[in-house]
Amino acid sequence: WDMPGSIHADGVDRVQLSVFEVDTMVKVAINGFGRIGRLTFRCAWDMPELEIVHVNEIVGGAETAAYLVKFDSVHGTWAHDAEALSQEAFVVDGKKVSFSDKKDFTEVDWRGSGVELVIDCTGKFLTVPKLMPYIEACGVKRVVVSAPVKEPSVLNIVVGVNDDKLEDRWLL
């Protein structure tokens, strides 16, 4: 398969993406709403440059998702109100977040939700071939993976350690 990229100073071919506009809010979805997905949701919710518009989780449904993002046995009760609206959505502080329960993420209508960035917190898609369908089939512009992707074409970032290497053009 032919993947666009460019050779960087370290000699590694990295996948590229055109840069997000700095002055626009990025529409975000989370795939995988276990502990890491929920904590990511909580953190990202208060970031002004991100708008969480969709969650995909195969276990429990929207009602369980809303409850578990609100109440965490380790991190406590979240300061925001969260409640299920239907089987296809929950609401946080009056803002609707659509919800799906598709095991195959290519069946989720990421494009229809306007999703530009998916944060994959499933721990299952850890290779470029498994992640590229987000881009190629689903129309997502960028994927952030919560687990390490052990391929040289993917830049794994640890904030405070090597986040200075992060550039807007990385796709995965």
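In this predicted model, a convenient place to enter the fold is I30, whose bridge partner in strand β4 is V55. The pair belongs to a wider set of contacts between two strands, since β3 (residues 26-31) and β4 (residues 50-56) run parallel and are joined by six bridges. Strand β3 is mostly covered, with five of its six residues buried.

Part of the packing around β3 comes from helix α3, which spans residues 128-136 and has V128, L131, M132, Y134 and I135 as its buried residues. Viewed down the helix axis, these buried residues fall within an arc of 140°, and therefore they line one face of α3. A general property of helices is helpful here: an α-helix has 3.6 residues a turn, so residues three or four places apart point the same way. The buried residues of α3 pack against β3, and also against β10 (117-120) and β11 (142-145).

A similar reading can be made of helix α2, which covers residues 61-70 and whose buried residues are A62, A65, A66, V69 and K70. Because they cover an arc of only 125° around the axis, these residues sit on the same side of α2. The elements that cover them include helix α1 (35-45) together with the strands β5 (71-72), β6 (76-77), β7 (82-86), β8 (89-92) and β9 (95-100).

From the helices we can turn to the second largest pocket, which holds about 160 Å³ of space. Its lining is drawn from several stretches of the chain, and consists of N31, G32, N56, E57, I58, K102, K103, F105, T122, K124 and F125. Two of these names lead back to the paired strands, for N31 is a lining residue that falls within β3 (residues 26-31), while N56, also in the lining, falls within β4 (residues 50-56). By residue class, the lining divides into three nonpolar, four polar and four charged residues.

The last stop is P148, which lies in the segment after β11. With a relative accessibility of 51%, P148 counts as exposed, because the cut-off for that class is over 50%. Setting aside residues up to four places away in sequence, P148 touches L126 and N156. The C-alpha atoms of P148 and T127 are separated by 9.4 Å, although the two residues are 21 residues apart along the chain.

Methods: Residues numbered from 1 in each chain as written. Predicted model: local features only at pLDDT ≥ 70, side-chain atom pairs only at ≥ 80, totals over all residues. Heavy atoms only, no water. 1 Å grid on protein atoms, 1.4 Å probe; cavity = no way out; pocket = protein on both sides within 12 Å on 5 of 7 lines; lining within 4 Å. Points joined across faces, edges and corners; volume = space filled by probe spheres on them. Nonpolar A, V, L, I, M, F, W, Y, C, P; charged D, E, K, R; others polar. Buried < 20%, exposed > 50% of the residue type's maximum accessible area, 1.4 Å probe, protein only. Helix = DSSP H or I, 4+ residues; strand = E, 2+ residues; numbered from the N terminus. Arc of directions from axis to C-beta. Contact = heavy atoms within 4.5 Å. Pairing = 2+ DSSP bridges.
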